[in-house]
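Notebook open, structure loaded. I want to look at the whole chain and then at a few pieces of it.

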Amino acid sequence: MTAFEYDVVVIGAGPVGENVADRVVQGGLTAAIVERKLVGGECSYWACMPTKALLRSASALRAARQLPGAREAVTGHLDAAAVLGRRDSFASQWKDDGQVSWLESAGIALHRGQGRIRSARVVQVTGVDGVTVTLTARHAVVVATGSSALLPDIPGLREAAPWSSREAASAASVPRRLAIIGGGVVAAEMATAFGALGSSVTVLARDGVLPSAEPFAGELVTESLREAGVSVRLGANAVSVSRDDSGTVHVDTADGEQVEADEVLVAVGRIPNTQDIGLENAGLAPGVWLAVDDTLRVVGGGGWLYAAGDVNRRVLLTHQGKYQARAAGDVIVARARGEKVEDGQWGRHAVTADERAVPQVIFTDPEVASVGLTAAAAAAAGLRIRVVDYDLGSVAGSSLHADGYKGHARMVVDEDRKVIIGFTLAGPDVAELIHAATIAVVGEVPLDRLWHAVPAYPTVSEVWLRLLETYGR
């Protein structure tokens, strides 16, 4: 058996694992990364990039159709084959040559195969050929294996060969009829994408559409989906699924209705990829989410085990996972060198933003962009808040952006500190507006100071002034 020794061993070569290893190497340590599939992970091939590529062409077409002059220049419908082809290019044709080349250039060793913890700071890697190598970490092992789609225990579902987010993101063709079980982000985005590409889409949203967002966001997205021809069934609960000999999928609901489709996408949650990585050899239960402290060190992991990204369940978003990765890499280096660990709120080695300032964009029509707490979450936390709403379509820049612009903005103010703790926008093309709110939340900028941040006219960002005016001096 071949053996290697590094300062840090990372299990999982998605964007989180890559960033951990990169920070470690930049800090002067050595790092190896273990990957059993494609270097680049879920985001590169089955999530962030390919799904947004599926959505972008339809978004551009809708924008053109909302403007006189441009509308007249647009004829025909989306070319589904061209959209899928562009999606394939963003997924690098499901080949990881470019990502592997980047690892090499960054000085990060790659070991392909299934990585399993064998003992403290020891990881065994079994390749597809059955050959094993042993990697010993002088300082830390980092689990960055991500998550997979949850498949609920609905009778007949597994046998019906359902799509998960992976199959939806990499579909080779557009199904004539698509049923979607779930109403969260994946469900809403894929309903938007496949509806625009020509599918007859039915969404079974037991808990509503975008239930974790501000209520107005889900309402606007639901209205838009229905206007686009998508059947959105709020409160519908799938109780059984079957696929007949012709390939048709039948989804039965608790209220006695049946939905027929060519494919069924299940988008109801995620599970951690920790079933087969040897957690039992670190005194932990396999298949669980890994609890971590604010420096990403696994609770009960002996001090040498870290977990970053989806696998710790703090925030299941790629950009937050990469944020965690930077903190984890830096704190591992600090501890290896005996340097001071800055783990207080907003410290260099803490991931405070996971709890207070998580930005997210949902690329539906309209887009939904948010950061921080919703009004309901802030109230549940016992904060004394004031909620300020404004019609985003009433802003001058919005009317210029698109005829009939429809949207909404909300800021949640901590009345004791007079700072914004939550901000949500729903409307066409609001994704690029959210970072201003993220800076305001992270920086805890007092409202009195924000009055001096004058938005340029006429832009959609003028909504900041309108919200402050509504709040009042």
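**Whole chain**

I began with burial: 51% of the 473 residues of the protein chain count as buried (under 20% relative accessible area with a 1.4 Å probe, protein chains only; exposed is over 50%, partly exposed in between). Note to self: this is a predicted model, where local features need pLDDT of at least 70 and side-chain atom pairs count only at pLDDT 80 or more, while totals for chains, interfaces and linings use all residues. Residues are numbered from 1 along each chain as its sequence is written, and side-chain values use heavy atoms, with hydrogens and water left out.

I looked up the radius of gyration next: the protein chain has 24 Å, which agrees with the value near 23 Å for a compact globule of 473 residues (taken over C-alpha atoms; the rule is 2.2 Å times the number of residues to the power 0.38). The C-alpha trace spans about 65 × 65 × 45 Å along its principal axes. I find 16 helices and 21 strands in the protein chain (DSSP runs numbered from the N terminus: H or I of at least four residues, E of at least two).

**Helix 9**

I picked helix 9, residues 215–227, which has 13 residues. From first C-alpha to last it reaches 19 Å, close to the 18 Å expected at 1.5 Å a residue (1.5 Å times one less than the number of residues). Its buried residues include Phe-216, Leu-220, Val-221 and Leu-225. What covers the buried residues? Among the elements doing so are helix 8 (185–196), strand 10 (231–234) and strand 21 (419–427), with contact meaning heavy atoms within 4.5 Å. Just after helix 9, I noted Gly-229 with a positive phi of about 100 degrees.

**Two open sheets**

Strand 10 turns up again in an open sheet of 4 strands, order 10-9-8-14, with parallel pairing (two strands pair if DSSP finds at least two bridges between them). Strand 10 and strand 14 (263–266) are at the edges with a single partner strand each, so one side of each lacks a neighbour in the sheet. Strand 8 (residues 177–181) and strand 14 run parallel, joined by 4 bridges. I found Ala-179 opposite Val-264 in strand 14.

I then checked an open sheet of 3 strands, order 11-12-13, whose pairing is antiparallel. Its edge strands are strand 11 (238–243) and strand 13 (258–261), each pairing on one side only. Strand 11 is joined to strand 12 (residues 249–253) by 5 bridges. There, Arg-243 stands opposite Val-249 in strand 12.
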